[in-house]
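Reader: I have a model open in front of me and would love a close look at a single part of it. Could you take me through one helix and its surroundings, and then show me what else is worth a visit?

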Amino acid sequence: MASETAIFAGGCFWCMVQPFDTYPGIKKVESGYTGGHVVDPTYEQVKAGGTGHTEAVRITFDPSVVSYADLVEIYWQQTDPTDAFGQFQDRGDNYRPVIFVKDEEQRAIAQASKDALANSGRFTAPIVTTIEDAKPFYVAENYHQDFYKKDPERMKLEKAGGRKQFIEDNWKK
């Protein structure tokens, strides 16, 4: 059974795990940091800014069960693709929305999906999520992994910071 990977940044990585983790064909979802210039950064370094990294999730999946295109669609529905300066209550470059692609096939799929979303009329503001080449991915500290399972009460607070309502208002129509 072959595996592929996908990397998405959509604000707080804690909030990005569950939507993928609970989907058929997903083997593993890891919280981590990517896109920066510091080797093996810590959470404190990334949160403070200046490393160039963004919080992201790396998804290992079985392409015979779930396609990369399906994952891109799941990704959009967890984010505000019109906000380049963070996501919901999480502000700053380390929370910016990015689809990190590992090859031209992923790039083409992501770009076609972004274009379709832009042309759909769902949002009046421009779609500003960027599509960038994948950079080294550094797995976050263990306490960040599967956070939604470890601290469900804290997860409710995180989602109450605007993400849950935005998803209801914009993606559940």
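Author: Happily; what follows starts at one helix, moves to the pocket beside it, and then goes on to the cores, a strand residue and two loops. Please keep in mind that this is a predicted model.

Let us begin with helix α7, which covers residues 163–170. Which of its residues are buried? They are Arg-163, Phe-166, Ile-167 and Asn-170. Viewed down the axis of α7, these buried residues fall within an arc of 100°, so they line one face of the helix. The spacing makes sense, because an α-helix has 3.6 residues a turn and residues three or four places apart point the same way. As for partners, the buried residues of α7 pack against α1 (13–21), β4 (86–87) and α6 (152–159).

Ile-167 deserves a stop of its own. This residue of helix α7 has a relative accessibility of 12%, and because the limit for buried is under 20%, Ile-167 counts as buried. Leaving out residues up to four places away in sequence, Ile-167 touches Gln-77, Gln-78 and Lys-172. Gln-77 is 90 residues away from Ile-167 along the chain, yet their C-alpha atoms are separated by 6.7 Å.

Ile-167 also leads us to the largest pocket, since its lining includes Ile-167, Gln-77, Gln-78 and Lys-172. The other lining residues are Cys-15, Gln-18, Pro-19, Lys-159, Arg-163, Lys-164 and Glu-168. Which helix gives the most to this lining? It is α7, with four residues, while α1 and α7 each supply at least two. By class, the lining has five charged, three polar and three nonpolar residues. The space in this pocket comes to about 240 Å³.

From the pocket, let us turn to the nonpolar interior. The largest nonpolar core has 40 residues, and those touching the most other members are Phe-8, Phe-20, Ile-59, Tyr-68, Leu-71 and Ile-99. Leu-71 makes a good example: beyond its neighbours within four places in sequence, it is in contact with Ala-6, Phe-8, Phe-20, Ile-26, Ile-59, Phe-61 and Val-66. A second core, separate from this one, has six residues, among them Ala-56, Val-98, Phe-100 and Phe-137. In soluble globular proteins, nonpolar side chains tend to be buried together.

Next comes a residue in a strand. Thr-60 belongs to β3, residues 54–61, and is buried, with a relative accessible area of 13%. Not counting residues up to four places away in sequence, Thr-60 touches Ser-3, Glu-4 and Thr-5, along with Gly-25, Ile-26, Lys-27 and Lys-28. Ile-26 is also one of the contacts of Leu-71.

Finally, here are two loop residues with backbone angles to check. Most residues other than glycine have a negative phi. Asp-40, although not a glycine, has a positive phi of about 50°. Asp-40 sits in the loop between β2 (26–34) and α2 (43–48). Is Asp-40 buried or exposed? At 52% relative accessibility it counts as exposed, because the limit for that class is over 50%. Asp-146 likewise has a positive phi of about 50° without being a glycine. The loop that holds Asp-146 runs between β8 (137–139) and α5 (147–150), and at 28% relative accessibility Asp-146 counts as partly exposed.

How values were computed: Residues are numbered from 1 along each chain as its sequence is written. This is a predicted model: local features need pLDDT of at least 70, side-chain atom pairs count only at pLDDT 80 or more; totals for chains, interfaces and linings use all residues. Side-chain values use heavy atoms; hydrogens and water are left out. Buried means under 20% relative accessible area, exposed over 50%, partly exposed in between (1.4 Å probe, protein chains only). Contact means heavy atoms within 4.5 Å. The arc is that of the directions from the helix axis to the C-beta atoms. A nonpolar core is a set of buried Ala, Val, Leu, Ile, Met, Phe, Trp, Tyr and Cys residues joined through side-chain atoms within 4.5 Å. On a 1 Å grid over the protein atoms alone, a cavity is a set of points where a 1.4 Å probe fits but cannot get out, and a pocket is an open set with protein on both sides within 12 Å along at least five of seven lines; lining residues have an atom within 4 Å of a point. Grid points are joined across faces, edges and corners, and a volume is the space filled by probe spheres set on the points. Ala, Val, Leu, Ile, Met, Phe, Trp, Tyr, Cys and Pro count as nonpolar, Asp, Glu, Lys and Arg as charged, and the others, Gly among them, as polar.
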